[in-house]
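Here is a quick tour of one protein model, written for someone who would rather look at it than at raw output. Keep the viewer open and follow along.

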Amino acid sequence: MVNDFLPDDESRFTSDGNGGLHCADASFDGEQDVLLKGIFREIELYIRQTGDVADPVLNYQSAEALARIIDLNVADHGIAATEFAKLVQRYLQYSVRTGHKLFNNQLFSGFNAPAFAGDIITSLTNTSMYTFEVAPLATLIEQEMVRLMCRYVGFSQGDGIFLSGGSNANLVAMFTGRNRIAPAVKSKGVGGAPVLKAFVSEAAHYSFDTAANLLGIGSDNLVRVPSDACGRMIPGALEVAMTLALDRGEQPFFVGATGGTTLHGAFDPIDELADIAHRQGAWLHVDGSFGGSVVLSRHYRHFVQGSDRADSFGWTPHKLMNIPLICSALLVKEKGVLQRNLTDLDTDYLFHQGEQAEDLGKKSIQCGRHVDAVKLWFAWKYYGLDAYSRRIDHMMELAEYAAMLVATNPRLEILVPRQSFTVCFRYLPEAGADVNAFNLQLRDHLRKSGALMMNYGFIHEKLSLRIAITNAEMTRRDVDLLFDKLLTAAAELEDRRMQSC
Ligand SMILES: Cc1ncc(COP(=O)(O)O)c(C=O)c1O
């Protein structure tokens with residue numbers, strides 16, 4: 001069978017002078033030089049523009065328009081280095097500037113130069129975290145980062161692993177809890193095990209459902225425990241739910257507390273939940289994917305009071321520590337539990353005897369794994385422990401300031417009392433308007449005009465705009481600008497609505 005994608009003559013594998021494959025061509029170095037210089041020029045320009053709040057957060061285009069503007073097709077023949085720089089420039093032109101100070105849409109944002117350096121350097125030295133042999137210094141750095149993070153959380157004998165995000169931290173935590181209560185499941189499957197029950201709050205992240213699904217526990221066996229008006233799990237309700245499960249002959253095995261819920265920014269009361277979870281022999285995990293970095297702050301670390309009593313703690317520096325995605329770790333209180341999760345595979349083709357150093361792949365569910373700890377180490381080294389602590393305080397204080405601006409403006413309404421880094425509110429249009437529809441329109445208008453980006457969710461059927469303060473470079477002036485833009489856009493939409501009535 002003829003494969004259409006195979007080249008039809010050998011000449012394509014030598015230089016075509018047009019950026020094709022250049023194996024035997026001495027001009028490759030020169031071409032690469034032009035290519036890299038062009039790329040670095042574009043990167044520099046992008047960083048400068050992203051730092052300018054007067055520039056838009058994005059150059060919005062619909063999917064159809066983007067597909068028209070950019071030639072997505074990959075052709076038989078490559079392109080020249082100068083053309084390649086234009087490709088990079090176009091990609092940057094139509095990407096959301098998540099480093100912009102008015103990008104408040106996600107729980108990550110900002111630009112962190114030393115961490116960015118870490119990202120490009122680990123790309124440059126391209127390796128995998130499974131063995132010391134291929135990642136010697138990166139292994140030591142990841143171990144050091146885990147030690148430091150464990151110290152902040154209060155796991156004096158702890159361990160951990162970097163993984164691909166908060167969702168996977170939740171998955172591996174539940175996996176570890178499952179294997180502790182029902183070790184036979186590892187080899188025999190869930191068939192012979194009792195019905196296992198996991199408990200998280202109503203406001204917990206959806207990745208817990210996925211974890212229960214993947215681990216054979218079943219998402220129906222993930223109990224959503226009622227939360228209070230602020231979005232915090234109610235300890236009494238957890239106790240009732242666990243007791244009901246026990247009465248039915250089920251096995252409560254996992255409690256997932258959240259340290260900073262996605263919408264409300266709520267922190268579950270870990271200490272109280274620890275009493276209940278441990279009484280029933282359940283694994284207590286803290287999903288600190290969003291808010292876990294508060295452990296760095298002298299002023300706010302009490303939000304996760306009791307973290308040292310948890311069995312595991314997920315902490316994602318790519319959120320509040322402004323490290324480029326992906327940078328996330330699962331920390332565990334007891335050394336050895338992560339290794340015990342894995343079945344003994346015949347892996348002598350990868351893990352060899354001889355080195356005295358630890359091969360981190362032996363405690364990861366991944367085989368190949370990106371080097372994510374080094375960019376954190378670079379940033380932490382550069383700023384130091386104290387400055388990182390202050391960065392967390394600064395973001396919290398800015399969120400408080402944003403909440404104050406909402407509270408003192410009669411056209412704005414707070415929808416949940418602010419607890420941490422998010423502010424949930426809505427604009428109150430003139431009577432007669434559908435408030436949810438108006439706020440959705442306002443949010444879309446701000447996004448598509450490139451003025452600013454913020455997300456939304458629903459709180460008791462009310463559409464809530466959510467400002468997430470996750471960029472430590474933001475100032476009060478930026479928060480003022482954000483509200484100026486929001487209120488100006490709202491007034492324009494109101495005028496338009498009145499005219500069309
Ligand atoms: C509370 C919480 N847990 C878990 C996650 C998932 O994290 P990730 O996107 O790194 O998988 C998020 C994401 O925002 C989150 O807010």
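E461 counts as exposed because it has 6 C-beta neighbours inside 10 Å; the cut-off for exposed is 12 or fewer other C-beta atoms within 10 Å of a residue's own, buried takes 20 or more, partly exposed is in between, and C-beta atoms are placed from the backbone. This is a predicted model, where local features need pLDDT of at least 70, side-chain atom pairs count only at pLDDT 80 or more, and totals for chains, interfaces and linings use all residues. Residues are numbered from 1 along each chain as its sequence is written.

Back to E461: its phi is positive, about 70°, although E461 is not a glycine. You'll find E461 in the loop between β11 (453–459) and β12 (462–468). Strands here are DSSP runs of E with at least two residues, helices are runs of H or I with at least four, and both are numbered from the N terminus. β11 and β12 run antiparallel and are joined by 5 bridges, with Y456 partnered by L465 in β12. Two strands pair if DSSP finds at least two bridges between them.

Zoom out a bit and β11 and β12 turn out to belong to an open sheet of 5 strands, ordered β1-β11-β12-β10-β9, with mixed pairing. Its edge strands are β1 (103–104) and β9 (412–414), each pairing on one side only.

Now for another loop, the one between β7 and β8. N322 sits in that loop and also has a positive phi, about 60°, although N322 is not a glycine. Is N322 buried or exposed? N322 counts as buried, because it has 26 C-beta neighbours inside 10 Å. The loop between β7 and β8 also holds I326, and the peptide bond from L325 to I326 is cis, with omega near -5°.

Strand β8 (residues 328–332) comes next. All of it is tucked away: 5 of its 5 residues are buried, so β8 is largely enclosed by the rest of the structure. On one side you have S328, L330 and V332, on the other A329 and L331, and both faces are covered. The partners of β8 look like this:

| Partner strand | Sense with β8 | Bridges | Opposite residues |
|---|---|---|---|
| β2 (residues 159–163) | antiparallel | 5 bridges | G160 and L331 |
| β7 (residues 312–315) | antiparallel | 4 bridges | W315 and A329 |

How about the helix α12 (residues 373–407)? A straight helix of 35 residues would span 51 Å at 1.5 Å a residue, but α12 spans only 40 Å between its end C-alpha atoms; the expected span is 1.5 Å times one less than the number of residues. α12 bends by about 95° at G384, the bend being the angle between axes fitted to the seven residues ending there and the seven starting there.

The domain assignment gives domain 1 (10–97), domain 2 (148–343 + 355–367) and domain 3 (384–500). The C-alpha centres of domain 1 and domain 2 are 42 Å apart.

Last stop, the ligand. Of the 15 residues around it, G165, G166, S167, H205 and S289 come nearest; a residue is near if its C-beta atom, placed from the backbone, lies within 6 Å. The shell has 2 nonpolar, 12 polar and 1 charged residues. Ala, Val, Leu, Ile, Met, Phe, Trp, Tyr, Cys and Pro count as nonpolar, Asp, Glu, Lys and Arg as charged, and the others, Gly among them, as polar.

How values were computed
Domain bounds come from an automatic or database domain assignment.
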